[in-house]
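Please follow the account below with the sequence and the coordinates at hand, beginning with the aromatic side chains and ending with the annotated spans.

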Amino acid sequence: MTTRRVFGAVLVFVAAGLAVAATFLSAYSVQVELQGRTLRYEASSWVTERDDFRGALMLAPLDYGEPAVGAALVMALSVVLAFRMPAARVGSLLGAGVLAGVAWTAIAGVQGTIDKLRELEAPVPFDVEQGDGVTVLVVAAGVGVVSAVLHQELPRRVVSEPIVTEGGAVIHQIEGDESETPPYGFPVIVEPQEPQEPQEPQEPQEPREPKEQKSD
């Protein structure tokens with residue numbers, strides 16, 4: 001496992017921890033000043049922590065606790081399983097995508113609460129604040145997406161400098177894994193040549209004696 005992948009795995013755990021912690025923090029709050037009194041509503045993703053309106057505004061916690069925890073578990077398990085099954089790294093991408101969707105839903109929920117209170121046309125303005133829980137959830141989603149991409153460690157092709165031959169042709173050499181598909185179509189299949197039959201060694205011939213010439 002390379003340094004880049006290890007760093008991505010650590011960030012996945014960080015994002016998962018932030019996502020779980022965000023569910024226990026305050027999601028949003030509603031406050032109003034009425035006749036010298038401060039009325040406040042505050043809730044997390046699980047329960048209502050304070051309701052001075054006693055249910056008059058019909059407010060409720062933002063329901064993002066379960067999907068956020070589920071996405072965090074998927075991300076954490078994918079890192080653990082990736083040590084034995086590299087294909088499990090896809091789970092970190094899946095969890096990060098779900099976490100990003102949960103963060104978007106939480107922000108939309110706060111905006112929906114603001115629109116709901118505006119429709120009441122109350123004589124006093126309501127002050128709606130986004131809580132630390134939604135803010136931490138957005139940070140966890142951003143860290144989760146970046147860490148999931150680092151955890152995959154997608155292969156990169158590095159193109160070396162072109163080589164110019166004597167004839168003027170330019171050759172680009174592409175570095176990469178030899179097991180990958182060649183960049184330009186299918187590999188060329190070279191048929192093996194048939195072995196040639198060994199020739200029998202010829203017997204050395206005895207040197208011939210020169211013929212004597214007859215003199216007249």
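**Aromatic pairs and annotated spans**

Trp46 is partly exposed, its relative accessible area being 37%. In this predicted model, the residue belongs to the loop between β2 (37–43) and β3 (48–51), and its pairing partner Phe24, 22 residues apart from it, sits in the loop between α1 (3–22) and β1 (28–34), so that the contact links distant parts of the chain. Phe24, for its part, is exposed, with a relative accessible area of 54%.

The structure holds 3 aromatic pairs, and in the one formed by Phe24 and Trp46 the ring centres lie 6.2 Å apart while the planes meet at 35°, which is why the pair counts as tilted. The reasoning rests on the angular limits, since planes under 30 degrees apart would count as stacked and those over 60 as edge-to-face.

Tyr28 and Tyr41 form another pair, with ring centres 5.9 Å apart and planes at 45°, and this pair is therefore tilted. Here, too, distant parts of the chain are linked, for Tyr28 lies in strand β1 and Tyr41 in strand β2, 13 residues apart. Both Tyr28 and Tyr41 are buried.

Further along the chain, the unreviewed UniProt entry carries the annotation "transmembrane region" for residues 64–83, 90–114 and 134–150. In the model, residues 64–83 are 85% helix and 0% strand, with the C-alpha atoms at the two ends of the span 30 Å apart. Residues 90–114 are 100% helix and 0% strand, and there the end C-alpha atoms are separated by 37 Å.

Methods: Residues are numbered from 1 along each chain as its sequence is written. This is a predicted model: local features need pLDDT of at least 70, side-chain atom pairs count only at pLDDT 80 or more; totals for chains, interfaces and linings use all residues. Side-chain values use heavy atoms; hydrogens and water are left out. Rings of Phe, Tyr and Trp (its six-membered ring) pair if their centres lie within 6.5 Å; planes under 30 degrees apart count as stacked, over 60 as edge-to-face and the rest as tilted. Helices (H or I, at least four residues) and strands (E, at least two) are DSSP runs, numbered from the N terminus. Buried means under 20% relative accessible area, exposed over 50%, partly exposed in between (1.4 Å probe, protein chains only). UniProt positions are given in the numbering used here, feature names are shortened, and annotations may be inferred rather than shown by experiment.
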